[in-house]
Amino acid sequence: MTTPAPQRAAAPRRSIALFGGTFDPIHSGHIAVAQAAQRRFHLDAIHFIPSSRPPHKSQQELTLFIHRYAMTALACAEHPGFLPSLAEAPAAPPHVFYSIETVRKFRREHPDDHLYFIIGADQFLEFPTWKSYEQLLDSCDFIVASRPGFRLDALRLIVPPEKLGRSSGHDQHKIVLRKSVVHLLTTVASHVSSTEVRERLQRNQGIHGLVPPRVEEYILGQALYR
Ligand code: ATP
């Protein structure tokens, strides 16, 4: 009689989130969103993914990827569970990074984990212009952060009706789809934007408090956005 092989305990399912952006530069609004999401969804890891070539912003306007990545890494260093990611680091041109591909890549690498995609309300409203957005909606759960000036009730309008799940009543905190859930993160309300940070620096104004301290130090040391 053969003795059965000892069963290896399955690794506990982790909750991980992807937070993509231009991060030009990363600012305290991004950090506030990530912290609120980390607390509410008990996230084990948040991957901050600066995009080297975002489809929606023209290449000329962007600061070098290496600077944007360095600032993201400095901001992450202050928070356990925040991880800078090279998933959308420069690749041979004309490669443009689409979120659907990035989500699929993480899904392949973390097949058993609960995957979330963090996004601001302004960007979620643009979703219908994103590549394969209907497939993207099916591919993971979403955490949509409120942003001053954008109404969260408008978010329901961008979900195709046939994607709505049976139990999708009018819950203020989530939209239940057939294959995923869109959670609304209403506990953050940061007015900060990268545009404001860049404009203040161009006008020689201070940015203290608008970006994490190490990011401020980096921007001033490298004389960025002058
Ligand atoms: P820019 O001003 O250059 O357009 P941004 O401040 O919107 O930049 P991004 O790097 O483009 O920053 O944003 C990355 C993600 O973070 C997007 O999903 C965006 O909606 C979200 N986000 C940025 N700032 C905030 C904020 N203050 N509150 C909530 N979400 C935010």
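1. Let me start with charge. The protein chain carries 26 positive and 21 negative side chains, and the centres of these two sets are 3 Å apart. Please keep in mind while reading that this is a predicted model, so every value here is computed from it.

2. Next, the surface and the interior. About 12,300 Å² of the protein chain is exposed, with carbon and sulfur atoms supplying 53% of that area. On the inside, 48% of the 226 residues count as buried.

3. Now the overall dimensions. Along the principal axes, the C-alpha atoms fill a box of roughly 75 × 50 × 35 Å. How does the radius of gyration of the protein chain agree with that of a compact globule? For 226 residues, a compact globule would come out near 17 Å, and the protein chain has 19 Å, which agrees.

4. For finding your way along the chain, it helps to have the order of elements in hand. The protein chain has seven helices and seven strands. Read from the N terminus, they run β-α-β-α-β-α-β-α-α-β-β-β-α-α. Contacts also reach across the sequence: of those in the protein chain with a separation of 6 or more, 70% are between residues 24 or more positions apart.

5. A bench question that often comes up is disulfides. How many does a search of the whole structure find? The count is zero. Take Cys76: the closest cysteine sulfur to its own is in Cys140, 19 Å away, and that is too far for a bond, because a disulfide needs the two sulfur atoms within 2.5 Å. Seen from the other end, Cys140 has Cys76 as its closest partner at 19 Å, again too far for a bond.

6. Staying with the cysteines, are they buried or exposed? Cys76 is buried, with a relative accessible area of 3%. Cys140 also counts as buried, at 3% relative accessibility. The cut-off behind the word is a relative accessible area under 20%.

7. Ile46 is a good residue to click on for a view of the interior. Ile46 belongs to strand 2, which covers residues 45–50, and its relative accessibility is 0%, so it counts as buried. Which residues does Ile46 contact, once neighbours within four places in sequence are set aside? They are Ala17, Phe19, Ala34, Gln38, Gly81, Phe82, Leu83 and Ile118. Two of these, Ala17 and Phe19, are in contact with Ile46 and fall within the residue range of strand 1 (15–21). Ile46 can also be paired with Phe117: the two are 71 residues apart in sequence, and their C-alpha atoms are 9.4 Å apart in space.

8. Lys163 deserves a look as well. Lys163 sits in the loop between strand 5 (141–145) and strand 6 (174–176). Is this lysine buried or exposed? Lys163 is buried, at 12% relative accessible area. Leaving out residues up to four places away in sequence, Lys163 touches Glu134, Leu137, Asp138, Leu177 and Arg178. Among these are two residues with negative side chains, Glu134 and Asp138.

9. Glu101 makes a useful companion to Lys163. Glu101 is part of helix 3 (residues 99–109) and is partly exposed, with a relative accessible area of 31%. Beyond residues up to four places away in sequence, Glu101 touches His95, Val96 and Lys131. Glu101 and Leu136 are 35 residues apart along the chain, and 9.0 Å separates their C-alpha atoms.

10. Finally, some backbone geometry to check by eye. Most residues other than glycine have a negative phi, and most peptide bonds are trans. Against that background, Asp24 and Pro25 are joined by a cis peptide bond, with omega about 0°. Pro25 lies in the loop between strand 1 (15–21) and helix 1 (28–41).

11. Two residues with positive phi round off the list. Asn204, which is not a glycine, has a phi of about 65°. Asn204 is in the loop between helix 6 (194–202) and helix 7 (213–222), and it counts as exposed at 64% relative accessibility. Tyr225 has a positive phi too, near 60°, and is found in the segment after helix 7. Tyr225 counts as buried, at 10% relative accessibility.

Note on methods
Residues are numbered from 1 along each chain as its sequence is written. This is a predicted model: local features need pLDDT of at least 70, side-chain atom pairs count only at pLDDT 80 or more; totals for chains, interfaces and linings use all residues. Side-chain values use heavy atoms; hydrogens and water are left out. Helices (H or I, at least four residues) and strands (E, at least two) are DSSP runs, numbered from the N terminus. The radius of gyration is taken over C-alpha atoms; the globule rule is 2.2 Å times the number of residues to the power 0.38. Buried means under 20% relative accessible area, exposed over 50%, partly exposed in between (1.4 Å probe, protein chains only). Contact means heavy atoms within 4.5 Å. Accessible areas come from the Shrake-Rupley method with a 1.4 Å probe; for residues, only the protein chains shown count as cover. The place of a charge is taken as NZ of Lys, CZ of Arg, CG of Asp or CD of Glu.
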